[in-house]
Amino acid sequence: MIHAYADFSREAGTIRKVNGANLAPPVSNFTAHGNLNDAYRAMKLPYARLHDSPLDNPGMRLVDIQQIFCNAGADADDPSSYYFRQTDDYIANCRRCGTDIIYRLGTSIEHSNERYYSYPPDDYEKWADICIHIIRHYNEGWNNGFNWNIRYWEIWNEPDLHDNMWNADLEEFIRFYGIVAARIKRRFPKLMIGGPAFCGLNEHQLRLLAAECRRTGAPLDFFSWHSYTADIGWMLEQPRIARRVLDECGFPGTELHLNEWHYFNADWRQYRNDRLYCREANRAMDGLHGIDSAAFLTSVMTGWQDGPITMGCYYTAGLCWGVFDKYAVPYKTYYALKAFGDLTDFPQRRRTGSDRENVRLLAGCDPGGNAALLVSSFKNAEPIELGISGADLSAMRLLRLDCELDLEPVEPEFRDGKLILTPTASSNVWFLPGIAAGK
């Protein structure tokens, strides 16, 4: 028996909204997929990072520099050189769903036979000018634009992924970053300029980037990187390492954005080369989108509450490697994101604990005294004895996410005043709304 508790009489800070994601709701093929706006809105995502948007919206010219400024030889100051309409609609639709934007300046990943855009720009200064005009369009109304105050602007994606994302050495990218970031920051000193969305956390690479920013005065308002793993401990340790390195390099105020992450328990080489293996990894309940992945997701975001991370962005909230299958049917991971989003409606964190690391709890209250509890059980078969104090449970509901149920109500079982949560699969997530705190 695993022992856990939630004490709604003891304050524990504020629940941080680390439940960002990649991709806005798709705006293409609504007839085929159905309008996902309502389902997207229900996840209550604070931010959507706009990377790989064209891959999730086939046939549409979205977000990427080459999609907006398609003729590299055109005049960067001429409004007619830019095509904004589809990206305008894409961002506006996302904002209507209650989710703000992290705009990635660069290109989507290329898995094609040839590479077309994953090369250093011919003219770094001109490329920075193009970015400045894009920012002006969305924040200053330039070229029939908007005043949306999009705060976060990320320079490039995975420059350490040679071939697919940056066909030059890393040192050249770091020089590129220094030039472009400094130019954009001079024009928009109040915006958050950062990146570069490294494939993984690499101390040496981070120190190279920080040294260039220190040398040139380029901003590193936020540092971003990615992680695909099945190791919760590593997911929680990475922000601590990044914080230590940045502090040592003289960047104590730099935000930490782990802005691509996903449960990954497969072999990359086989996943990319064996079709049957890939299909099983995507479809299986213990695979990339199943119940283990769902419990991993809520466990990580719960664990991040006690670390230095600023923002996490799950990859993705769309159809591309997302929380919906190609028919727009939600995976188990959708319901995990939804449960965490619902919990953020109760931002006043309360004290919780568990005697096992693979069982994590997150409890919160709202200003009116309403409360909720999220319990994540990752790869655990033992029952959980949960003591809940400082609360009235008379109106409590118990919702379970497992192989069969999608955050659906089940009858709670109490034993000696303790709530007994009995796993029904390798992993489970329980969400308990309807709690009244302070009773």
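**Exercise 1. Place D355 in the structure.**
Which residues is D355 in contact with, leaving aside its neighbours within four places in sequence?

Solution.
- Contacts: with those neighbours left aside, D355 touches I2 and H3. The model used here is predicted.
- Location: D355 belongs to the loop between β10 (348–354) and β11 (359–365).
- Exposure: buried is under 20% relative accessible area and exposed is over 50%. D355 has 42% relative accessibility, so D355 counts as partly exposed.
- Distance: I232 lies 123 residues from D355 in sequence, and the two C-alpha atoms are 16 Å apart.

**Exercise 2. Describe how α8 packs against α7 and α9.**
At what angle do the axes of α7 and α8 cross, and which residues make the contact?

Solution.
- Geometry with α7: helix α7 (residues 170–187) and helix α8 (residues 203–216) have axes that come within 9 Å and cross at roughly 35°. The crossing is right-handed.
- Residues: α7 contributes L170, E171, I174, R175, Y177 and G178, while α8 contributes Q205, L208, L209, E212, C213 and T216.
- Composition: the contact of α7 with α8 has six nonpolar, three polar and three charged residues.
- Geometry with α9: the axes of α8 and helix α9 (residues 232–248) are 10 Å apart, at an angle of about 35°. The crossing of α8 and α9 is right-handed.
- Residues: E203, L206 and R207 of α8 meet I241, A242, R244, V245, L246 and E248 of α9.
- Composition: the contact of α8 with α9 has five nonpolar, no polar and four charged residues.

**Exercise 3. Examine three salt bridges.**
How many salt bridges does a search of the whole structure find, and where in the chain do E154 and R49 lie?

Solution.
- Total: the search finds 27 salt bridges. Side chains of opposite charge can pair when their charged atoms come close.
- E154 and R49: their side chains form a salt bridge of 2.7 Å, N to O. E154 is in strand β5 (residues 152–155) and R49 in strand β3 (residues 47–50), so the pair, 105 residues apart, links distant parts of the chain. E154 has 0% relative accessibility and therefore counts as buried. R49 also has 0% relative accessibility and counts as buried.
- R400 and D402: the closest N and O atoms of this salt bridge are 2.9 Å apart. Both residues are buried.
- K338 and D342: these side chains meet in a salt bridge at 3.0 Å, N to O. Both residues lie in helix α13 (residues 332–343), four residues apart, about one turn of the helix. K338 has a relative accessible area of 23%, so K338 is partly exposed. D342 has 15%, so D342 is buried.
- Network: K44, K338, D342 and D345 are joined into one network by salt bridges that share partners.

**Exercise 4. Find the nonpolar cores.**
Which residues have the most contacts inside the largest nonpolar core?

Solution.
- Largest core: this core has 116 residues. Those with the most contacts inside it are Y103, I134, W153, I184, W261 and W304.
- One of these, W304: leaving aside neighbours within four places in sequence, W304 is in contact with R16, V18, M235, L236, P239, L258, W261, I309 and G312.
- Another core: apart from the largest core lies one of 25 residues, among them F8, I384, L386 and A437.

Key:
Residues are numbered from 1 along each chain as its sequence is written. This is a predicted model: local features need pLDDT of at least 70, side-chain atom pairs count only at pLDDT 80 or more; totals for chains, interfaces and linings use all residues. Side-chain values use heavy atoms; hydrogens and water are left out. A nonpolar core is a set of buried Ala, Val, Leu, Ile, Met, Phe, Trp, Tyr and Cys residues joined through side-chain atoms within 4.5 Å. Buried means under 20% relative accessible area, exposed over 50%, partly exposed in between (1.4 Å probe, protein chains only). Contact means heavy atoms within 4.5 Å. Axes are lines fitted to C-alpha atoms, for helices over the stretch in contact, and angles run from 0 to 180 degrees between N-to-C directions. Helices (H or I, at least four residues) and strands (E, at least two) are DSSP runs, numbered from the N terminus. A crossing is left-handed if the near helix is turned anticlockwise from the far one by less than a right angle, and right-handed if clockwise. Ala, Val, Leu, Ile, Met, Phe, Trp, Tyr, Cys and Pro count as nonpolar, Asp, Glu, Lys and Arg as charged, and the others, Gly among them, as polar. A salt bridge is a side-chain nitrogen of Lys or Arg within 4 Å of a carboxyl oxygen of Asp or Glu.
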